[in-house]
Amino acid sequence: MAVEKDRRHLGGGLLTLWLAWAAPAVADCPDIDAQIRSAESDLLSYFLADAQKALGAAVEGMACGEPLSAEQVARYWQAQAMIWSFQEDERAASAFAASKARGADHFNDDYGSKYRAIWEAAAVPSGAANPLVVRGIGDDEKVWIDGVLAGDPAASAGLHLVQIGGASPRFARAVEFPASGSLTLSVPAPTAPEPVVAPVPVVVEPDPDPQPEPKPDPQPEPKPDPVGPAPEPVGPALAEAFARYDAPLQGLGRKVADAEGRAMSWRGEVIPLAKSQASGRAALRKMPGNTVGQIGMLGVAAAGAYSSYLFGWEVTTGRSQSPPAMTSALVASALVAVTGLSGRMWLAARRKKNKGAIRDAASSALALGKAE
């Protein structure tokens, strides 16, 4: 059971990373429903810290979205009550009561019959409403308490969600009204839009007697750089190879042999011979980058394959909150895996071609009997 929960949570984390990478970079207002769904999903896997973080993001969304609905208020306080229940926090009873007060018809049955009974038994706060004093509110701004527009802001004792703004909320906070007396809430003053200043046109007077610009002196074209470092001098090892082996060479890597079938050492004999030729030096410079590229492509293919497995598991057997998003992520992960595998195969073919160029350069060196 624990392994299954870890796999579900890891799949959700990969989906979050993938969607963050694929989505366009915009200044987003957190989606309240999506954040509450995320908190509910984390609660089912006992990831309490992640669930609390998602509820915090939901409050951020309340400060830039629309006034809350009864269902959103109920689900928010139910999720908060579940977190506090698992943590044995006495505030859980107040959160269940806040959920029931605004949304008596909304309960998440995934929490189980035990917590449904606690929710149903919760006592909804009653009695006189206590006033809310808001400092910093604009003249034309309004206050919503649990999604309900409040002309004279006031609420019963207990937990509530407060939103403040003009046409739409710009500030939100989860608060607890006292049993008696008023609650004071300070908010940042609304910012006025900056005035738009029209640019001052600039009039450019024409030159009455324009002078032609002097033409620069022609510069000699630079000589092209050599393909690689200067050819290595013919040392004893190369001289011995010239005397011992005959061109053309055959095979690749450890299976290289000369025209008479005599085996040659790739590192000890073929590469030194190839270094004496410009084409061989160019091919040798490409080999390290090719190796790194193949390793990177294998990593991409492995990540895509594992992500495909996780998302496939969510689509077929998981309890995903967003099946279309999971299906899209599955297709995208499969494309990543195929891209990584194709890239690795292409680089492997390039590596083989570079090895052939190194071998041919060594053959040229043997045929010439000297460095280029």
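Two helix axes count as roughly antiparallel when the angle between their directions is over 145 degrees. In this predicted model, the axes of helices H2 and H3 cross at roughly 170°, so the two helices are roughly antiparallel to each other. The points below cover this helix pair, the four-stranded sheet on which H3 packs, the pairing of E1 with E7, and helix H4.

**Helices H2 and H3**
- H2 spans residues 32-44 and H3 spans residues 48-62, and their axes come within 8 Å.
- On the H2 side, the contact is made by Ile32, Gln35, Ile36, Ser38, Ala39, Asp42 and Leu43.
- On the H3 side, the contributing residues are Leu48, Asp50, Ala51, Ala54, Leu55, Ala57, Ala58, Gly61 and Met62.
- Sorted by class, the contact has 11 nonpolar residues, three polar ones and two charged ones.

**The four-stranded sheet**
- Strands in a sheet pair through backbone hydrogen bonds, in either a parallel or an antiparallel way.
- This sheet is open, has the strand order E3-E2-E5-E6, and shows antiparallel pairing.
- Strand E3 (148-150) and strand E6 (169-177) are at the edges with a single partner strand each, so one side of each has no neighbour in the sheet.
- From one strand to the next, the twist averages 30°.
- Strand E5 (residues 158-165) runs antiparallel to E6, and eight bridges join the two.
- Within this pairing, glutamine 163 stands opposite alanine 172 of E6.
- Helix H3 packs on the sheet, where it touches E5 and E6.
- The direction of H3 makes about 130° with that of E6.

**Strands E1 and E7**
- Strand E1 (residues 130-135) and E7 run parallel and are joined by four bridges.
- Valine 134 stands opposite leucine 185 in E7.
- In a regular strand, side chains alternate between the two faces of the sheet.
- Strand E7 (residues 183-186) has Leu183 and Leu185 on a covered face, with Thr184 and Ser186 on an uncovered one.

**Helix H4**
- Helix H4 covers residues 70-86, which is 17 residues.
- From its first C-alpha to its last, H4 reaches 25 Å, close to the 24 Å expected at 1.5 Å a residue.
- H4 is mostly covered, with 13 of its 17 residues buried.
- Just after H4, glutamate 88 adopts a positive phi of about 55°.

Terms used
Residues numbered from 1 in each chain as written. Predicted model: local features only at pLDDT ≥ 70, side-chain atom pairs only at ≥ 80, totals over all residues. Heavy atoms only, no water. Axes fitted to C-alpha atoms, helices over the stretch in contact; angles between N-to-C directions. Parallel < 35°, antiparallel > 145°, perpendicular 65-115°, else oblique. Contact = heavy atoms within 4.5 Å. Nonpolar A, V, L, I, M, F, W, Y, C, P; charged D, E, K, R; others polar. Pairing = 2+ DSSP bridges. Buried < 20%, exposed > 50% of the residue type's maximum accessible area, 1.4 Å probe, protein only. Expected span 1.5 Å × (residues − 1).
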